[in-house]
Structures are given as structure tokens and as C-alpha cells.
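Dear colleague,

I am handing over the structure we spoke about, and my notes on it follow below. Please read them with the model open beside you.

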Amino acid sequence: MSNSSFNRQWAKVILETLTRHGLRHICIAPGSRSTPLTLAAAANHKLICHTHFDERGLGHLALGLAKATQQPVAVIVTSGTAVANLYPALIEAGLTGERVIFLTADRPPELINCGANQAIRQQGIFASHPSETLSLPRPTADIPARWLVSTLDNAMNNLVHGALHVNCPFAEPLYGDDIEHDTPWTQALGKWWQSDKPWLQETLSPSVTTHPQWDRLRQKKGVVIAGRISAKEGIAVAKWASQLGWPLLGDVLSQTGQPLPCADLWLNNPQVKAELNQAEIVIQFGSSLTGKRLLQWQANCSPQMYWVIDAIPDV
């Protein structure tokens with residue numbers, strides 16, 4: 001099998017694996033080194049392809065699609081400085097929790113550090129900002145397809161939020177007149193091709209427990225703060241705060257409906273702050289508060305307990 005043909009087989013397995021984890025939208029910037037990934041994406045009927053000539057804008061397009069669909073979205077770019085243009089969107093995905101998969105094409109190892117065009121050190125380029133990072137080897141039939149699938153499955157199973165960076169080196173020729181057909185390498189995956197399930201499945205069993213002292217704590221004077229949370233979560237938090245009879249201080253990102261609107265105005269009132277400062281417990285849902293007055297009150301309040309409940313770990 002020619003190198004260009006096997007590049008396409010390798011890329012085909014990568015894209016098909018990602019569809020098993022809910023990937024439906026993929027954003028593609030033009031480039032040569034990423035051709036195997038682009039052709040694989042275009043050939044996969046499960047995927048909706050979006051194109052943009054600028055990688056920086058492409059990254060933010062993917063971020064917006066992930067926000068709107070609440071599903072993982074992938075990005076394909078070519079090698080070199082094109083990869084660096086994804087930095088702002090990748091960092092933002094880590095901060096806001098959207099799952100975005102950055103597939104960056106790369107030169108093979110023998111073309112790194114030798115002056116080759118558009119060949120930079122891409123492994124680890126995003127430092128600690130991605131939630132998960134994979135540096136794949138160059139495509140070779142010596143590596144079983146099941147290894148490639150299970151490695152990607154494991155990364156996606158661990159991707160609860162934020163970015164996954166998958167660096168994908170490809171050697172030339174990148175494309176040719178080859179007619180795509182199944183090979184013993186892809187056929188080794190057997191009935192996986194007829195399934196819609198991941199090769200490596202992991203069952204998550206989230207548990208919810210009640211604080212052992214909650215019946216006593218709920219009788220205290222409390223304040224609820226809502227930070228960056230989804231609309232569905234915002235409605236639930238607002239209802240919960242109302243049932244407790246605790247004031248809800250909603251940040252502009254909270255999507256709570258703002259039961260007490262314009263908090264950044266009335267939080268400057270000394271009488272209001274004196275009332276709120278009587279709180280014995282403050283419970284905050286979501287992170288990344290943006291309101292100046294709310295941040296000031298948060299910094300100066302001194303309750304007996306301050307809880308932060310957030311699905312995204314502190315970054």
C-alpha cells in the first residue's frame with residue numbers, strides 16, 4: 001500500500017473513532033500537511049464540515065459550536081505556525097469547559113530541527129492548557145489499528161471538559177490517485193465498523209450525597225452566588241435559593257434570570273452590604289465571577305463556611 005493511501009486509512013480511523021464520542025461538527029482550515037485528515041472528514045457522512053481560511057477564527061468558530069451544541073467539536077489545521085494560532089481558543093476552552101478536539105497535522109520526526117519548511121516543535125506546544133494531550137506516531141502498519149482507536153477512546157473518556165490536543169504527524173506523499181478501500185489493517189477492527197459504540201467503553205457513575213449536617217446548615221443565614229453556569233443550571237439554582245429563602249447574587253454569566261437584578265449597583269450600598277455580611281454560609285455555583293462589586297463583596301465577606309460548587313476544576 002502506498003504511503004498516501006495508508007495516511008488516509010490512519011486518518012479515517014481517527015475521525016471515525018471521534019464520532020463514537022458524539023463528534024458531529026468539524027472545523028477545517030486549508031493546508032497541505034493536514035490533507036489526510038481533511039479528506040477523511042469530508043468522506044465521513046456523520047460529520048458536518050465547516051471551513052475558514054484563518055486558524056485563529058477557526059478555533060473560535062469551533063468554540064462557539066461547542067457552546068451551542070454542548071457536544072465535542074473538532075478542529076483540523078496544518079503544521080507549523082498555523083498551530084500556534086489556535087492558542088487563544090484552546091485556552092478559552094479550558095476556562096469555559098467546552099470540549100474541543102484540536103487535530104494538528106505535523107511533519108514526521110525526521111523533518112524536525114533540520115530547517116524544513118513549516119516544521120516547528122509542536123509536541124507540548126500548548127503546555128498545560130489542554131485537559132488531555134496525545135502525540136501520535138507517524139502512520140505505520142506496524143502499529144495495530146486497535147491501539148490507535150483505544151488510545152483515542154481513552155483520551156475522550158477522560159475529556160470531561162476543555163481541550164484535547166492530538167498531534168498527528170504525516171509523511172509525504174500526503175495524497176495521490178489512490179482509490180480508498182479496506183485493508184487488513186482496518187479490517188482488524190472487525191464489527192467495530194458496523195457499530196456506533198467506542199472500542200474502549202468506560203462507564204461513569206456519578207454519585208450525589210447529602211451533607212451530613214445539611215438539615216442544620218440550611219437553618220443558618222445564607223447567601224447563594226451564581227457564577228458561570230448553564231441556563232438549565234441557572235434555573236435550578238434560582239429555584240433552590242428561593243426555597244431556602246436565601247438571597248441570590250447572580251453574576252452576568254449566571255443565566256439565573258437575575259431574581260435580584262443589577263447587583264453591581266446595589267452591592268455598593270453600605271446598608272445592603274451590612275445585611276449580606278451577616279451570612280453564616282455562602283454557597284457559590286460556578287466560577288469566573290466578572291462583576292466588580294460582586295467580586296469585592298466576595299473578597300471581603302467572612303462567613304463561617306464558603307462552598308464553591310463547580311464542574312470545572314480550578315485552572
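**Notes on the helix pair, the loops and the whole chain**

In this predicted model, helix H3 (residues 55-69) and helix H5 (residues 87-96) have axes that come within 8 Å and cross at roughly 25 degrees, the axes being lines fitted to C-alpha atoms over the stretch in contact, with angles running from 0 to 180 degrees between N-to-C directions. H3 is therefore roughly parallel to H5, a term that covers angles under 35 degrees. Among the residues that make the contact (heavy atoms within 4.5 Å) are Arg56, His60 and Leu63 of H3 and Pro88, Glu92 and Thr96 of H5. Helices here are DSSP runs of H or I with at least four residues, and strands are runs of E with at least two, numbered from the N terminus.

Gln70, in the loop between H3 and strand S3 (73-77), has a positive phi near 60 degrees without being a glycine, and it counts as exposed because its relative accessibility is 55% (exposed is over 50%, buried under 20%, partly exposed in between, with a 1.4 Å probe and protein chains only). The peptide bond from Glu172 to Pro173 is cis, with omega near 0 degrees.

Overall, the protein has 12 helices and 10 strands, and 46% of its 315 residues count as buried.

Residues are numbered from 1 along each chain as its sequence is written. Local features need pLDDT of at least 70 and side-chain atom pairs count only at pLDDT 80 or more, while totals for chains, interfaces and linings use all residues, and side-chain values use heavy atoms, with hydrogens and water left out.

Best wishes

Technical notes. Parallel < 35°, antiparallel > 145°, perpendicular 65-115°, else oblique.
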